[in-house]
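Thanks for coming. I have one structure to walk through today, so let me put it on the screen.

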Amino acid sequence: MSEANVYQSELLKEISEMPAPAKKSNKLLRLIRASQPISRTEIATRLGIDKSTVTENVKPLLASGVLVEESLDASGHGRRSRVLSFADNEYFVGVNHGVRTTQVGLTNMSGKILEETDFETPLDSKKALNTARQEIEKLIAKQPGGKMPRV
């Protein structure tokens, strides 16, 4: 079984106890991440939902730039396949604040680590937070666009 299939199986078990609306959204996003690029038809088939439900759920994500939709070249005749994937123009900041060492890093929506660094954690909590923020700002400045992400 491929890594993506194992990941998908674990996800489906993990979210089986969530309320129905949360299950659909969670499954949808996790499936896209694990299988990107993936078509709306394939998502609908794997999740056992109607393709219009997929479209309804991905529209706001496409409009906000979280997801992108691209056309794949069709081999032979017929329509080009359109596939969804996470946009790589957004990123997340992660902080692991430890007693001795603090790590900060950036990851894109696909889960790729873009930058990371660590520093000795100052004893004073305000200084520790300020140092973390300064390190985050340095990492962000290295990225295309170099601006703080949305909170």
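Starting at the N terminus, the elements of the protein chain follow the order α-α-β-α-α-β-β-β-β-β-α. That gives five helices and six strands. Keep in mind that this is a predicted model.

Some totals for the protein chain. It has 151 residues, and 28% of them count as buried. The exposed area is about 10,300 Å², with carbon and sulfur atoms supplying 51% of it. Among contacts with a separation of 6 or more, 33% are between residues 24 or more positions apart.

Now the sheet made of S1, S2 and S3. This is an open sheet of three strands, in the order S1-S3-S2, and the pairing is antiparallel. Strand S1, residues 38-39, and strand S2, residues 67-72, are at the edges with a single partner strand each, so each has one side without a neighbour in the sheet. S2 is joined to strand S3, residues 81-86, by six bridges. To find the register on screen, look at Glu-70, whose bridge partner in S3 is Val-83. Helix H4, residues 51-64, packs on this sheet and touches S2 and S3; the directions of H4 and S2 make an angle of about 100°.

Next, the strands further along. Strand S4, residues 91-97, pairs with strand S5, residues 101-108, in the antiparallel sense, over seven bridges. Val-93 is opposite Leu-106 in S5, and the hairpin from S4 to S5 passes through three residues. S5 also pairs with strand S6, residues 113-120, again antiparallel and over seven bridges. Here Thr-107 sits opposite Ile-113 of S6. The hairpin of S5 and S6 has four residues between the strands, and in that hairpin Gly-111 has a positive phi near 95°.

That leaves helix H5. H5 covers residues 125-141, which is 17 residues, and spans 24 Å from first C-alpha to last, close to the 24 Å expected at 1.5 Å a residue. At its start, a side-chain oxygen of Asp-124 comes to within 3.3 Å of the backbone nitrogen of Lys-126.

Which residues of H5 are buried? They are Ala-128, Thr-131, Ala-132, Glu-135, Ile-136, Leu-139 and Ile-140. And what do the buried residues of H5 pack against? They pack against S4, S5 and S6.

To recap the packing: H4 touches S2 and S3, while the buried residues of H5 pack against S4, S5 and S6. I'll stop there.

Conventions:
Residues numbered from 1 in each chain as written. Predicted model: local features only at pLDDT ≥ 70, side-chain atom pairs only at ≥ 80, totals over all residues. Heavy atoms only, no water. Pairing = 2+ DSSP bridges. Helix = DSSP H or I, 4+ residues; strand = E, 2+ residues; numbered from the N terminus. Expected span 1.5 Å × (residues − 1). Buried < 20%, exposed > 50% of the residue type's maximum accessible area, 1.4 Å probe, protein only. Contact = heavy atoms within 4.5 Å. Polar contact = N/O pair within 3.5 Å; in protein donor to acceptor, adjacent residues only side chain to side chain. Axes fitted to C-alpha atoms, helices over the stretch in contact; angles between N-to-C directions. Areas by Shrake-Rupley, 256 points an atom, 1.4 Å probe, with all protein chains shown as cover.
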